[in-house]
Amino acid sequence: MGQGMSIQKCDFLIPENNKNHHTEEISTERLIVRRGQAFTITVSFSAPIHNYLQQMKRTFLIVQTGPHSSRADEIQTEFPISSLGDQKQWSAAVEEQDPNFWTLCLNTPANAPIGQYTLLLRASKSPQFLGNFTLLFNPWCRDDEVFLANEAQRQEYILNQDGIIYQGAENAILAQPWDFSQFEEDMVDICFILLALGEHLQREKDPAQRKSPVHVCRAVAAMLNCNEFRILIECEPGQRYNGTPPSKWLGSSPILQQWIASKFQPVRYGRCWVFAAVLCSVLRCLGIPTRVVTGFTWAHNTKSSLSVDEYYDEDGALLTQDKSARVWTFHVWNECWMARTDLLPEYSGWQALDATCQEKSKGPSFCGPAPVHAIKEGDIQVDYDVCYFFAAINAKCHVWIHKADDTLKPAFGGTKYTGNNISTKSVGSERCEDITQNYKYPEGSLQEKKVLDKAYRNMKELQTTSSTQFISIPTALEEPVNIFIHLQSSSSLQLGQDITLSIEVFNHSGREKATHLVVGIQALHYNGVPIAQLWKEEFPFNLQSDSVSNLQVSVPYTWFGKELGENHLLRLTAVLRDEDSSCMYLAQEEISICDCPLTIEFPENMVQYEPSTAKISLQNPLMEPLEQCVIAVAGQGLIHRQRNYRLGSVQAKSTQELQIPFTPTRAGSRRLTARLTCLQLQNLKSYRSTNIAAA
């Protein structure tokens, strides 16, 4: 009987199946399908099969995830071939048949564990090998937990490889390009290796768990920078690099390829935006709709406290007294779309997932997936880690002045709120979309007050049942209301532009006051760690009774431009001391250098596989030469691997052009990214998209 079913050839019809399953960008040489959706194969026999119905009843297909199907950590399922398939479970139906071949339609359950499977045919005691295939999550399938109804969103959050990650400050948002490259060669294999290691380290041994997107998200997030096999090492701001600085990376593929090539040695270095970008690449590759989200003014490592402190000296220089908990200028995390079958229905939808380590009671760990709806509603008891996200975007920051005599005084007017702007790339365009309303009610609204009150109540309950330490907001300080200070500047600076500061001081005390004002500029890392005090100036200030005093200060670029740091962030401060009462008042503003001196131009009417040339222009806006200029260029489908061009010096106020020859290998919308590094400036990026006509 087995000899009668001897297989000559099995054709997985890869081009047709992969196109139907939206995986043709991953591969055209191996079968990659999505669960809950049928695919077709043909089986050719070396000898004619005459008793078709009789043979079919004795023939079974076997799918298994490894060579040792008896092992507990591997999956094996056997199912018959019939004339009618069952779309809800593993099944196979004969669509066409003649004595020499069968065309089979295979169905996979919408909740099947994702993985790399072997397909076998058994018509006798020894099964015959048909081939290997990969099974992914399916956001096109209504019964899959990751189903996403909107096609434009599926195109963006699964298939789009050109990302934008937002950095800068809340009033000066900087768009940074990122190549997710989730469909590059070997990426799907790397993702499953990563998933398997994450499961091992989480001590998850049941392969059936892979049917759950929650399980997969947690296993992958654990691998980013929170364990011994972590993909990336996080670097302390300001440390000397013996690897790649985080701002130099242009995409995920080089990081993952390096991790694999080094046999799982952590790649140096990453920060929050790198962790989020790599996590986005992996989850999109596995079929989970994922996006990268940036929150400006984020309270990190608060251990779920709704209060965080900042310390300044009397000159307005930010101090780092609290090494762990501080307000970050921006923080980057992920959102993944899924049904939360482990929770109430209202918690389905976008889930916040943060691969950057937070300090928890059991040690450093990632956070999430946390339902965004639960974060907004203050349901901090909901899994996973809603309390951490809630605290990070709702904490109040109290500011203190550390005086020369080692005492602390409150800085009136310095209190600031976190989570003021949460943004992501919009669907189908390069526009920045503000999604703050998904996470919080409007500041000061009645709904916000109700949510905060509910969160405080939940915190008190959790304090008695959890080892997590919760601290509610302390009683507000009694602020004198007779003096106000206001600091204003352009939030976004061009390269080489001077800073103009405007300070207004309002005296409502009813009498004249003698005060002392210190205005300063400090370079800042993205995570609130100061780099250096770049400039300060002191002004004695006599305030007339019930009046407004104005001061305009201009600070030349040459005084602060040489120590901007890799995120190009500056914090402006104004500290006012009332000489009579010794009360301290503080105003602050963050600004960012948002201008890149690179421009990219493409010729018109470019065609796939036809040589072309792009032009990159570097315009030096400074009054000094840019020294040791290197331009890195990358573009998936346009250029194979990153190229580096050394330009040497570019003279002051001059322009240098660079011709980039390339041959497009893929049609459709493609993006070229250029990054400038020189002695004066670090990692300024520019990008331009173009359309390539199919050959």
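Start with Cys217. Cys217 is buried, at a relative accessible area of 0%. This is a predicted model, so every value I give is computed from it.

Does burial bring Cys217 a bonding partner, or none? Look at the sulfurs. The closest cysteine sulfur to that of Cys217 sits in Cys336, 3.9 Å away. That is too far for a bond, because a disulfide here needs the two sulfur atoms within 2.5 Å. A quick reminder of the chemistry: a disulfide is a covalent bond joining the sulfur atoms of two cysteines.

Now Cys397. Cys397 takes part in no disulfide either. Its nearest cysteine sulfur belongs to Cys272, and the distance is 18 Å. Buried or exposed? Cys397 counts as buried, with 0% relative accessibility. How many disulfides does the structure hold? The number is 0.

Next, the sheets. Take the one with 3 strands. It is open, its order is β25-β27-β30, and the pairing is antiparallel. Which strands stand at the edges? They are β25, residues 483–488, and β30, residues 547–555. Each has a single partner strand, so one side of each has no neighbour in the sheet. From one strand to the next, the twist averages 15°.

Stay with that sheet for its pairing. Strand β27 covers residues 499–507. β27 and β30 are antiparallel and share 9 bridges. To find one on screen, go to Ile503. Its bridge partner in β30 is Leu551.

On to another sheet, this one with 4 strands. It is open and antiparallel, in the order β36-β35-β38-β39. Here β36 (643–650) and β39 (684–692) are at the edges. Again, each has one partner strand, so one side of each is left free of a neighbour in the sheet. Neighbouring strands are turned by 20° against each other on average, ignoring direction.

Within it, β38 spans residues 668–677. β38 pairs with β39 over 9 bridges, in the antiparallel sense. What stands opposite Arg675? It is Lys685, in β39. While you look at strands, remember that side chains in a regular strand alternate between the two faces of the sheet.

Now go back towards the start of the chain. Strand β4, residues 60–64, meets strand β5, residues 76–82. They run antiparallel and are joined by 5 bridges. Leu61 stands opposite Phe79 in β5. β5 also pairs with β6, residues 91–98. That pairing is parallel, with 2 bridges. Look for Ile81, whose bridge partner in β6 is Ala92.

One helix residue next. Asn458 lies in helix α11, which runs over residues 446–465. Asn458 is buried, because its relative accessible area is 13% and the cut-off is under 20%. What does Asn458 touch, beyond its neighbours within four places in sequence? Its contacts are Gly378, Asp379, Ile380 and Gln381.

Last, the largest pocket. How much space lies in it? About 1200 Å³. The pocket is lined by 42 residues. Closest to its centre are Glu184, Ser253, Gln636, His640 and Arg641. Which elements help to line it? β11 (172–179), α6 (253–261) and β38 each supply at least two lining residues. We met β38 already, as the strand paired with β39.

Conventions: Residues are numbered from 1 along each chain as its sequence is written. This is a predicted model: local features need pLDDT of at least 70, side-chain atom pairs count only at pLDDT 80 or more; totals for chains, interfaces and linings use all residues. Side-chain values use heavy atoms; hydrogens and water are left out. Two strands pair if DSSP finds at least two bridges between them. Axes are lines fitted to C-alpha atoms, for helices over the stretch in contact, and angles run from 0 to 180 degrees between N-to-C directions. Buried means under 20% relative accessible area, exposed over 50%, partly exposed in between (1.4 Å probe, protein chains only). Contact means heavy atoms within 4.5 Å. On a 1 Å grid over the protein atoms alone, a cavity is a set of points where a 1.4 Å probe fits but cannot get out, and a pocket is an open set with protein on both sides within 12 Å along at least five of seven lines; lining residues have an atom within 4 Å of a point. Grid points are joined across faces, edges and corners, and a volume is the space filled by probe spheres set on the points.
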